[in-house]
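Subject: Structure handover

Hi there,

Here is the structure I promised to pass on to you. Have a look at it first, and then read on for my notes on what turned up.

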Amino acid sequence: MIELGIFLALLTLGYGFGQYAERRHYRSIIEREKRLNALPAIAARFPPTEPQHHQALVIGSTVISVDYFKRFLAALRNLFGGRVTAYESLLDRARRESSLRMKQQAETLGAEMVFNVKYETASISKGRGNTIGSIEVLAYGTALIRPQAADTDR
Amino acid sequence: MLISNLELIPGRRIVEHLGLVQGSSVRAKHVGRDIMAGLKNIFGGELKGYTELLQESREEAMQRLREQAEAVGANAVLNVRFSTSSVAQGAAEIYVYGTAVVLE
């Protein structure tokens, strides 16, 4: 009985805090995405040859964890199969956050675009029963900086 | 030392290829961070401690890559890739590799 109580308490805590954190995170993501829209990050492999740019490697990474409620939902989903929306939003948040951090780094360097963007996802820790505990998403690319804006060539 | 994930640098010719250089770093999380992470597993959200830990470890891996590239006499590393894997419970490996070249 006590165990059930603890389980339900964790579930409610997870739901409450998790939903709140997710909503707040999405608001901040959307706001920053709007601000950084002027700085394109593209996956093209070859940069333009003219004009001559300075360049620097920019990296953004995020480690994010799923909450108790979502993990429970995902475990239920494992019984029936289908889309695991709980994890989809987790990965979406991590990916967008990483790409924003990469862009922010590029912005501070005075870059005008980021080339050859690559993403890398890794599961950092496993929860009970091999479920996803937390994931890391890394975004990296080459920032192209106009020569007059750059003083160091890293 | 120029480190870039592009395959070529516009306007600069590659004089010599020196092969693959690499750097790796395995870091474990300490207990305090693990307890915080355990709490975050209930509430959800970003694990700032881990993000920092992995960033530090990535810096270290890149430092090793740079040292290796210097040792073979390169002045740039092109086409750099990152890879992360969790090798054991509570430890992650960061691996960086790229092509060492001499640019004119």
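A:R96 and A:D92 form a salt bridge, with 3.2 Å between the closest N and O atoms. Please keep in mind that this is a predicted model, here and throughout. The two residues are four apart in helix 3 of chain A, so about one helical turn separates them. A:D92 has a relative accessible area of 29%, which makes it partly exposed.

A:R96 also forms a salt bridge with A:E33, where the closest N and O atoms are 3.1 Å apart. This pair works over a longer stretch of sequence: A:R96 belongs to helix 3 of chain A and A:E33 to helix 1 of chain A, so parts 63 residues apart in sequence are tied together. A:R96 is partly exposed, at a relative accessible area of 24%. A:E33 is partly exposed as well, at 26% relative accessibility.

What about A:R32, and which residue is its salt-bridge partner? The partner is A:E97, and the closest N and O atoms of the pair are 2.9 Å apart. Helix 1 of chain A holds A:R32 and helix 3 of chain A holds A:E97, so this salt bridge ties together parts that are 65 residues apart in sequence. Both A:R32 and A:E97 are buried.

From there the trail leads to the other chain. A:R101 forms a salt bridge with B:E46, and their closest N and O atoms are 2.9 Å apart. Salt bridges with shared partners link A:R32, A:E97, A:R101 and B:E46 into one network. Over all chains, a search of the whole structure finds 16 salt bridges, and the count between chain A and chain B is three.

Now for the interface itself. On the chain A side, 43 residues are in contact with 35 residues of chain B. The buried area between the two chains is about 3200 Å², and carbon and sulfur atoms give 54% of that. Ten residue pairs are in polar contact between chain A and chain B, both residues being at pLDDT 80 or more. Several elements of chain A supply at least two residues each to the side that touches chain B: helix 1 (2–35), strand 1 (54–65), helix 2 (68–80), helix 3 (85–108), strand 2 (111–126) and strand 3 (132–145). Strand 2 of chain A gives the largest share of that side, with nine residues. By type, the residues on the side of chain A that touches chain B are 17 nonpolar, 15 polar and eleven charged.

Strand 2 of chain A is also where A:A122 lies. Is A:A122 buried or exposed? Its relative accessibility is 7%, so A:A122 counts as buried. Leaving aside residues up to four places away in sequence, A:A122 touches A:S134, A:I135, A:E136 and, across the interface, B:T84. The C-alpha atoms of A:A122 and A:I135 are 5.7 Å apart, although their positions lie 13 residues apart along the chain when counted as a separation.

The two chains are joined by strand pairing too. Strand 1 of chain A and strand 3 (residues 45–46) of chain B run antiparallel and are joined by two bridges. Within strand 3 of chain B, B:G45 is the residue opposite A:S65.

Last comes the sheet in chain B. It is an open sheet of four strands in the order 1-4-5-2, with mixed pairing. Strand 1 (2–3) and strand 2 (14–28) of chain B are at the edges with a single partner strand each, so one side of each has no neighbour in the sheet. Strand 1 of chain B pairs with strand 4 of chain B in the parallel sense over two bridges, and B:I3 stands opposite B:V77 of strand 4. Strand 4 (residues 76–88) and strand 5 (residues 91–103) of chain B, by contrast, pair in the antiparallel sense over nine bridges. Among the bridge partners in that pairing, B:F82 goes with B:V96 and B:R81 with B:Y97.

That is the tour, and I hope you enjoy looking around.

Best wishes

How values were computed: Residues are numbered from 1 along each chain as its sequence is written. Chains are lettered from A and ligands numbered from 1 in the order in which they are written. This is a predicted model: local features need pLDDT of at least 70, side-chain atom pairs count only at pLDDT 80 or more; totals for chains, interfaces and linings use all residues. Side-chain values use heavy atoms; hydrogens and water are left out. Contact means heavy atoms within 4.5 Å. Buried area is the accessible area (1.4 Å probe) that two parts lose on being put together, summed over both. A salt bridge is a side-chain nitrogen of Lys or Arg within 4 Å of a carboxyl oxygen of Asp or Glu. A polar contact is a pair of N or O atoms within 3.5 Å; within protein, one must be able to donate a hydrogen and the other to accept it, and residues adjacent in sequence count only if both atoms are side-chain atoms. Ala, Val, Leu, Ile, Met, Phe, Trp, Tyr, Cys and Pro count as nonpolar, Asp, Glu, Lys and Arg as charged, and the others, Gly among them, as polar. Two strands pair if DSSP finds at least two bridges between them. Buried means under 20% relative accessible area, exposed over 50%, partly exposed in between (1.4 Å probe, protein chains only).
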